[in-house]
Amino acid sequence: MAQPLLKKDDDRDDEMEYSPFLGIEKGAVLQEARVFNDPQLDPRRCSQVITKLLYLLNQGETFTKIEATEVFFAVTKLFQSKDVGLRRMVYLMIKELSPSADEVIIVTSSLMKDMNSRTDMYRANAIRVLCRITDGTLLTQIERYLKQAIVDKNPVVASASLVSGIHLLQTNPEIVKRWSNEVQEAVQSRAALVQFHALGLLHQIRQNDRLAVSKLVTSLTRGTVRSPLAQCLLIRYTSQVIRESGMNNQTGERPFYDYLEGCLRHKAEMVIFEAARAITELSGVTSRELNPAITVLQLFLSSSKPVLRFAAVRTLNKVAMTHATAVTNCNIDMESLISDQNRSIATLAITTLLKTGNESSVDRLMKQITNFMSDIADEFKIVVVDAIRSLCLKFPLKYRSLMNFLSNILREEGGFDYKKAIVDSIVILIRDIPDAKESGLLHLCEFIEDCEFTYLSTQILHFLGNEGPKTSDPSKYIRYIYNRVILENATVRAAAVSTLAKFGATVDSLKPRIFILLKRCLFDNDDEVRDRATLYLNTLGGDGSVVETDSAMKEFLFGSFDIPLANMETSLKNYIQEPSEEPFDIDSVPKEVKSQPLAEKKAPGKKPTGLGAPPSAPTSAADAYEKLLLSIPEFASFGKLFKSSAPVELTEAETEYAVNVVKHIFDNHVVFQYNCTNTIPEQLLENVVVVVDASEAEEFSEIASKPLRSLSYDSPGQTFVAFGKPEGVPAVGKFSNMLRFIVKEVDPSTGEAEEDGVEDEYQLEDLEVVAADYILKVGVSNFKNAWESMGPDCERVDEYGLGPRESLTEAVNAVISLLGMQPCEGTEVVASNSRSHTCLLSGVYIGNVKVLVRLSFGIDGQKEFAMKLAVRSEDESVSDAIHEIVASG
Amino acid sequence: MLLAVLMANSEGNILVERFNGVPAEERLHWRSFLVKLGADNLKGVKNEELLVASHKSVYIVYTVLGDVSIFVVGKDEYDELALSEAISVITSAIKDVCGKVPTERLFLDKYGKICLCLDEIVWKGLLENTDKDRIKRLIRLKPPTEF
């Protein structure tokens with residue numbers, strides 16, 4: 001390798017050219033590994049070969065089973081050498097090779113010997129290796145030594161066994177849990193890292209024992225914590241205790257808040273941030289509690305270190321979601337971050353500003369963002385687009401400038417995900433802000449004139465077909481649609497034909513012209529386009545051969561396809577495999593949605609943007625629920641689904657069976673959909689039902705229950721219970737739930753269940769149906785107009801005392817969640833230090849009655865809160881009902 | 001969890017790549033993503049100046065040390081601040097082993113020792129040792145001085 005003829009000046013070239021691993025090849029290195037078998041070991045040479053093996057492994061090279069076994073056996077021979085450097089390499093190499101269970105036996109005796117060695121460092125390393133390669137049976141043999149090692153005087157030995165414990169807790173929890181006394185002792189260690197590792201392990205062992213965690217936190221917050229890392233852990237555990245304990249009712253103070261606040265003055269930045277984050281995430285945090293944390297974070301916004309700026313803006317961004325006003329003080333510092341070289345920081349700053357800005361600052365902000373957008377990557381642009389969409393929904397009156405911004409960026413260069421985010425945003429704005437509809441549709445039309453993404457063109461055409469005919473002048477869209485038939489690929493052309501047909505079906509005046517256009521499509525060179533054109537011509541032509549009535553035609557064109565595509569695909573495949581004289585019957589396709597196994601549902605969350613497949617198109621949860629319920633014969637006659645609640649958890653996290661419930665509200669019925677997951681691999685549950693006791697819900701009577709036939713491990717399933725209730729009445733009540741099932745043992749090796757099962761029960765938490773379940777959150781773009789056009793005929797006004805409250809924000813939020821209505825025009829945000837506030841709400845009450853609410857809050861001298869509630873609706877009984885909800889809430 | 005430690009030379013060739021809890025099929029994505037991140041941002045950056053990036057709940061802290069770019073990726077408790085701590089330990093250990101800011105050749109010459117240092121610093125995704133002097137002793141199987 002040495003090149004003696006080269007001059008010293010050429011060192012650099014020499015370095016580049018002659019890497020010690022130049023031309024390294026796995027086969028040759030494996031050959032070299034034979035030196036491990038030499039009777040006279042050369043430690044230096046052996047270390048070099050191990051280094052080469054490590055290099056190969058670190059490059060992502062893999063060894064076959066035979067190769068790995070050969071190397072492993074050879075490496076075990078090296079235990080004969082007394083060379084310290086080589087022994088250290090051997091420990092590492094064995095870990096890297098991770099030998100299989102039947103091979104481990106070769107090395108255990110050597111490692112056990114080292115574990116009892118007088119040399120501390122042999123002990124520490126042997127512990128780490130053994131714990132890495134061991135299985136349960138061996139672990140019970142060495143458990144005694146590990147327990148001793150935890151309290152070893154040498155911190156390296158103690159840390160080795162503690163970190164081993166953290167890893168082993170995942171695979172052999174029952175063994176590691178027996179070490180808690182020793183771990184408890186190690187928490188008091190004077191060695192900083194031992195304390196850190198012990199604290200982490202002790203918390204994991206006791207995490208389900210609230211009292212123990214609370215005691216641990218109490219003692220450590222008063223004692224000494226020796227390293228910033230351990231301090232961070234302690235802050236995290238403290239927040240957990242605070243979350244579970246709530247306020248001290250007597251003094252109104254939050255336990256441990258002083259400790260967290262004290263940590264804001266710690267010398268390690270890591271600790272300061274952890275404390276600041278913990279404070280900002282306290283539930284129901286007051287502005288007095290929040291302020292010190294925000295002040296500290298604000299200082300870090302102008303730090304010279306990117307990591308600190310990032311950490312600060314990231315935390316503030318999160319705070320802005322719930323306490324936008326608290327972050328407004330940081331806006332000036334945040335604005336200077338828009339030009340930060342680090343794009344992650346700049347994007348976070350922008351999105352925070354979008355959340356904290358008020359209506360008057362929108363235009364100025366948009367100007368700044370326009371410059372910023374040109375030099376960031378798509379993944380950041382998507383985040384900004386999402387933030388702008390939320391801003392527009394918050395300030396609907398600003399839709400013009402925001403919609404213009406979206407349409408401008410839609411015209412610029414960008415990848416699929418980015419364009420899709422913009423299109424999705426425009427579609428949502430069109431749906432939620434009626435005034436934005438016409439301009440939004442035109443922006444989309446212009447986009448498809450020059451759109452390179454077939455998927456987006458077809459989506460827009462579909463949307464245009466549904467919304468365009470309902471506008472004031474539908475004819476202006478026809479040109480854009482027909483251009484697609486002339487200029488685009490077959491998929492887009494086919495979609496354009498369908499869109500044309502929708503216009504023809506809805507707008508009578510356009511029908512003759514649409515006919516002409518569709519007739520031209522009959523000569524298309526793609527059969528799908530021709531077929532569609534023929535089908536639609538016959539449908540619209542109305543000779544009765546395809547559809548008989550006008551409404552049937554519209555149902556045909558606009559109705560949703562209520563069969564899951566996966567089921568359709570399976571049925572068609574089966575049909576092709578078994579040829580039959582009978583034509584395929586679409587009614588034979590099952591409509592039940594097969595649930596996804598848990599493993600697939602969990603988003604990986606680690607994949608960087610742009611590398612994964614594009615996410616599937618957003619589907620509305622309400623539509624999916626409606627389809628699911630319609631597919632169940634027992635519920636098909638319940639009529640139109642009014643509202644489905646968000647899932648309510650009925651079990652705590654990490655229990656054997658995870659169950660949540662979705663409340664589906666119909667005019668005369670309520671259906672509880674219990675989503676159940678079995679988290680025990682060794683069990684199969686059958687005939688799963690939820691037995692509901694409705695004795696505290698007098699107006700409800702159970703009428704049907706649909707059991708779940710089987711619930712295997714990790715594959716969620718649903719069981720349903722339906723109740724009848726008086727029509728249109730917002731009946732409320734409390735339901736207690738018991739999960740009942742037959743449990744069968746499953747053999748983990750074969751996955752087969754035993755034949756006989758045992759009946760068992762599992763208590764679930766109670767569930768309540770509340771008044772808010774009968775109100776849909778539906779916003780209005782201009783509250784004043786809506787309020788005035790509703791008129792004072794059915795208005796009801798009254799005043800209520802709310803008693804002493806923590807803050808104005810808390811009072812406003814409490815009433816909003818009680819009513820379950822949509823806050824309008826950003827009025828859910830209360831300006832800091834204000835003593836009065838008006839909040840505007842809108843919604844639709846069961847029976848499809850529009851309701852508007854104007855809430856005026858005030859505080860008197862004695863800190864008593866009062867509220868004036870004005871309700872307008874289309875029906876005075878509904879206005880009264882809203883008052884009743886507030887009066888009884 | 002400290003999901004990955006990756007080191008590459010100035011051309012983006014991998015020198016060390018260690019993953020913890022990252023499925024095999026995602027590793028290649030990570031490799032190319034990190035190398036590109038370095039190529040885009042590390043030009044002209046001073047030695048050991050820490051840069052940061054994030055994607056959803058995953059954080060990346062990275063830096064340059066002589067000819068070597070170093071990336072650490074983490075999630076949950078290993079946020080940008082904990083990763084800064086980890087990467088500082090890694091850079092100081094490498095400097096210690098190499099005796100100076102490493103060239104690629106020097107790094108490869110000390111490759112075995114650097115692997116041992118990494119083994120002392122990160123163990124299956126958990127930070128184990130943080131003091132460079134202690135690490136220097138541990139890789140030679142010497143007990144820490146304070147003991």
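**Note on a predicted two-chain model**

1. Leaving out residues up to four places away in sequence, B:Ser69 touches B:Leu6, B:Met7, B:Ala8, B:Asn9, B:Leu42, B:Thr63 and B:Val64. The model under discussion is predicted. B:Ser69 belongs to strand β5 of chain B, which covers residues 68-75. Its relative accessible area is 11%, under the 20% limit, and therefore B:Ser69 counts as buried.

2. One of the residues touched by B:Ser69 is B:Met7. Beyond its neighbours within four places in sequence, B:Met7 has contacts that include B:Val68, B:Ile70, B:Ile90, B:Ile94, B:Phe107 and B:Leu118. B:Met7 is also named, with A:Phe36 and B:Phe107, among the residues with the most contacts inside the largest nonpolar core, a set of 248 residues. Helix α2 of chain B (residues 80-98) supplies the largest share of this core, 11 residues.

3. Another core lies apart from the one just described. This other core has 63 residues, including A:Phe642, A:Phe723, A:Leu767 and A:Val830.

4. The two chains meet in an interface to which chain A gives 64 residues and chain B gives 61 residues. Between them, the chains bury about 5,500 Å², with 61% of that area on carbon and sulfur atoms.

5. Charged and polar pairs also join the chains. The interface of chain A and chain B holds 10 salt bridges. One salt bridge pairs B:Glu80 with A:Arg277, whose closest N and O atoms are 2.7 Å apart. Between chain A and chain B, 19 residue pairs are in polar contact, both residues being at pLDDT 80 or more. On the side of chain A that touches chain B, 32 residues are nonpolar, 15 are polar and 17 are charged.

Key
Residues are numbered from 1 along each chain as its sequence is written. Chains are lettered from A and ligands numbered from 1 in the order in which they are written. This is a predicted model: local features need pLDDT of at least 70, side-chain atom pairs count only at pLDDT 80 or more; totals for chains, interfaces and linings use all residues. Side-chain values use heavy atoms; hydrogens and water are left out. Contact means heavy atoms within 4.5 Å. Buried area is the accessible area (1.4 Å probe) that two parts lose on being put together, summed over both. A salt bridge is a side-chain nitrogen of Lys or Arg within 4 Å of a carboxyl oxygen of Asp or Glu. A polar contact is a pair of N or O atoms within 3.5 Å; within protein, one must be able to donate a hydrogen and the other to accept it, and residues adjacent in sequence count only if both atoms are side-chain atoms. Ala, Val, Leu, Ile, Met, Phe, Trp, Tyr, Cys and Pro count as nonpolar, Asp, Glu, Lys and Arg as charged, and the others, Gly among them, as polar. Helices (H or I, at least four residues) and strands (E, at least two) are DSSP runs, numbered from the N terminus. Buried means under 20% relative accessible area, exposed over 50%, partly exposed in between (1.4 Å probe, protein chains only). A nonpolar core is a set of buried Ala, Val, Leu, Ile, Met, Phe, Trp, Tyr and Cys residues joined through side-chain atoms within 4.5 Å.
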